[in-house]
Amino acid sequence: MTLLRDMRYPTPDELTLAAGALADRHPSLVRLRRTGTSRGGRPLWLLSVRSSTARHSGGRSAPGQGAPGQGVPGRGSAADGRNVLVVAGAHANEPVGGPTALSVARRVVADPALRDGCGWHFLLCADPDGAALHRTPHPHSILDYHRNFFRPPGPEQPEWAPSLLPPDRLPPETLALTALIDELRPVLQVSLHATDLGGSWVQLTRDIPGLAEPFAKSAAELRIPVETGASDAAGWPSPGPGIFVMPAPGEGAAGVFHPEDTRLSTWYHAHVYDGTTAIVEVPMWASDLVDDPAPHPDPRSALRMLARRLTADAEQVARVLAGTRPDLSYEDPVSGPLLRAVDWTLALIPRVAAEWSGGAAPPDASAAYIGSIDAFARRLALRAAAMLLRVLHAAGHPAAPALDRLVTVWCEAFAARFQARWVPVATQVEHQSRTVLATYERLLAVSP
């Protein structure tokens, strides 16, 4: 197969234009509609490809029409039969999901078999406000990627918010997403994610037998390492390399170092309708260190060392923040979100470090597992520093040059330690697209 030439990550507006063009070319098959509004007033767009058995009016809806929850036949309601919901852009710093969603939509349009009794729906960007703050359309290095880095704090992330906030405080992006799930009752929800450096893996809310084979085949063909010890899924059952099944409610999830309870996220909302969610991760920069199954000689000592380094790195960022905070504005529309994200990240780090200091690694942990933890530790402090640096640069603060040097050193060390190699955007999109389609086909094979 010949891949497309390398491309940059499109903006949400560019994705919407491309989706609208697809709807215009196939008016009897494809529809683009506004399905919600962000906190900042930006539209949330849903691209739908009708099933072969659904009634469909086609084309584009006027702004404000087709509100989620109406269940209008031909707009992807549950009455049309099976539905798949693909969510892109849930994390602002993971821009590959948008072009993947468009790629899968085009493949569904071209393949009637994929539309046999199934409607496909693509939320093109779940967090357009965040995407407007993270702008690295074609980063040339890990340092370049972090120059304009932004990732919102957990309560401001559409998928995570229900695990951290009471229902009456959920952001409109989360409400729009859960309303879509209520409307479509998807048999499968796929959330498209990415990691800055590492490998590819899939998290499932329920096991999908047979997925590991096509996933591994695609990764091997495209020279993308499989992250066999993903830190995000530490302690979870793994039916195959790079495939992780989230613990059922009431079961432990040892080694997961996040304050959020995954089972309260929008990923599990599909279970209300007996659906399954898959989270597909693909790397921007690949590293073979996260694909090494060999046993690590001393994982607990390694974790304690990583905890000490993470604590020291975070303290450097915290000192800069403490010295500059009186000069910074949390009310500014750009610096405010960045500073809230810095505070969130720095508050998370002591909890992570305490877990690692207690020797939380399983005694038979692999080199891949420790490699994934190492990458996670490096990116936490680095992200806080990079976002603070953006604020200081914008303010012309005299502390900016020293922090700039620190961010540069950390980025260069990150790339060198993991022998990072860029994965072309087209390759990222191809692997993620293949995995989405393989997930649907394997799910259909076990639950026709």
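# A guided tour from the aromatic cluster outward

Begin by selecting Tyr 145, Phe 149, Trp 285 and Trp 422, which ring pairs link into a cluster. The model on display is predicted, and this cluster belongs to a structure that holds eight aromatic pairs.

Next, select Trp 120 and Phe 122, which form one of these pairs. Their ring centres lie 6.3 Å apart with 15° between the planes, so the pair counts as stacked, planes under 30 degrees apart being the criterion. Trp 120 has a relative accessible area of 0% and is therefore buried. Phe 122 is likewise buried, at 0% relative accessibility.

For another ring geometry, turn to Phe 414 and Phe 418. Here the ring centres are 5.7 Å apart and the planes stand at 85°, so this pair is edge-to-face. Both Phe 414 and Phe 418 are buried. Add Arg 417 to the selection: its charged end sits over the ring of Phe 418, 5.3 Å from the ring centre.

Return now to Trp 120 and Phe 122 and display the strand around them. Strand E5 spans residues 118-123 and is mostly covered, with six of its six residues buried. Which residues point one way from E5, and which the other way? Cys 118, Trp 120 and Phe 122 point one way, whereas Gly 119, His 121 and Leu 123 point the other way; all are buried. In a regular strand, side chains alternate between the two faces of the sheet.

The partners of E5 come next. Select strand E2, residues 43-49: four bridges join E2 to E5, and the two run antiparallel. Within this pairing, Leu 47 stands opposite Phe 122 in E5. Then select strand E4, residues 82-87, which pairs with E5 in the parallel sense over six bridges. Asn 83 has Gly 119 of E5 as its bridge partner. To see how the parallel strands belong together, add helix H2, residues 97-110; E4, H2 and E5 make a right-handed β-α-β unit.

Move on to helix H8, residues 335-357, where Ser 335 is found. Is Ser 335 buried or exposed? Ser 335 has a relative accessible area of 10% and is buried, because buried means under 20%. Leaving aside neighbours within four places in sequence, Ser 335 is in contact with Ser 329 and Val 391.

Finally, show the whole chain and colour by confidence. The mean pLDDT of the protein is 90, and 89% of its residues reach 70 or more. Two segments deserve a separate selection. Over residues 1-5, pLDDT stays under 50, and the model has eight contacts beyond four places in sequence for this segment. Over residues 62-79, pLDDT also stays under 50, and the model has 42 such contacts beyond four places in sequence.

With the full view still open, the overall figures may be set beside the local ones. The protein contains eleven helices and ten strands. Of its 448 residues, 57% count as buried. Among contacts with a separation of 6 or more, residues 24 or more positions apart account for 80%.

Key: Residues are numbered from 1 along each chain as its sequence is written. Side-chain values use heavy atoms; hydrogens and water are left out. Buried means under 20% relative accessible area, exposed over 50%, partly exposed in between (1.4 Å probe, protein chains only). Contact means heavy atoms within 4.5 Å. Rings of Phe, Tyr and Trp (its six-membered ring) pair if their centres lie within 6.5 Å; planes under 30 degrees apart count as stacked, over 60 as edge-to-face and the rest as tilted. A charge sits over a ring if NZ of Lys or CZ of Arg is within 6 Å of the ring centre and within 35 degrees of the ring normal. Two strands pair if DSSP finds at least two bridges between them. A crossover is right-handed if, with the strands pointing away from the viewer, the path from the first strand over the helix to the second runs clockwise. pLDDT is the predictor's confidence in each residue, from 0 to 100.
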